[in-house]
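Got the viewer open? Here's a short tour, one selection at a time.

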Amino acid sequence: MALVADVLTNAEIGSVLEVAVGIPHRIYVALNDKQGGKRIAVGYTFNYYEFEHLMNDRLTDEQWKAMVYDNENEAAKRKPEWYFDSTIEASGFGGKK
């Protein structure tokens, strides 16, 4: 599932902006509709990463997969700042942190 792509090249400073997805996150959504009333729906969403990387060492999907699956905590340092303000890590819902 983990994929990476460079979406912007800044040749002046020799870097690229990488956007990537990694291990999916479980998501819980509170619903109240005519089809089932009040309930919690469970699904999955992409785990998003965005970071600068050296232009002369662009990441391949295989390199990114190795980074994500071998050391998810290290990969987490590559998430954008807004990600941490807009998500809540599940700890009491049976999910893995």
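Two strands count as paired if DSSP finds at least two bridges between them. Keep that in mind for the first stop, and remember throughout that this is a predicted model.

**Stop one: the hairpin.** Select residues 25-33, which make up strand β3, and then residues 37-45, strand β4. The two run antiparallel, with nine bridges joining them. Together β3 and β4 make a hairpin, and three residues sit between the strands. For a cross-strand pair to label, pick R26: opposite it in β4 you'll find Y44.

**Stop two: D33 and R39.** Stay where you are and show the side chains of D33 and R39. They meet in a salt bridge, with an N to O distance of 2.8 Å. Are these two buried or exposed? Neither label fits: D33 is partly exposed at 29% relative accessibility, and R39 is partly exposed too, at 33%. The band for that label starts where buried ends, at 20% relative accessible area, and exposed means over 50%.

**Stop three: D6 and R58.** Which residue does D6 form a salt bridge with? Select R58: the closest N and O atoms of the pair are 2.2 Å apart. D6 belongs to strand β1 (residues 3-10), while R58 lies in the loop between β5 (48-54) and α1 (61-70), so this contact ties together parts that are 52 residues apart in sequence. Color both by accessibility and you'll get partly exposed again: 32% relative accessibility for D6 and a relative accessible area of 34% for R58. As for the chemistry, side chains of opposite charge can pair when their charged atoms come close. You can stop hunting for further pairs after this one, as a search of the whole structure finds two salt bridges.

**Stop four: zoom out.** Switch to a cartoon of the whole protein chain. You should be able to pick out three helices and five strands. Walk along the sequence and the order reads β-β-β-β-β-α-α-α.

Now try a contact map. Taking contacts with a separation of 6 or more, 54% in the protein chain come from residues 24 or more positions apart.

**Last stop: the surface.** Turn on the accessible surface for the protein chain. How much of it belongs to carbon and sulfur atoms? The total is about 7,200 Å², and carbon and sulfur account for 54% of that. To finish, color by burial: the chain has 97 residues, and 21% of them count as buried.

Conventions
Residues numbered from 1 in each chain as written. Predicted model: local features only at pLDDT ≥ 70, side-chain atom pairs only at ≥ 80, totals over all residues. Heavy atoms only, no water. Helix = DSSP H or I, 4+ residues; strand = E, 2+ residues; numbered from the N terminus. Buried < 20%, exposed > 50% of the residue type's maximum accessible area, 1.4 Å probe, protein only. Contact = heavy atoms within 4.5 Å. Areas by Shrake-Rupley, 256 points an atom, 1.4 Å probe, with all protein chains shown as cover. Salt bridge = Lys/Arg side-chain N within 4 Å of Asp/Glu carboxyl O.
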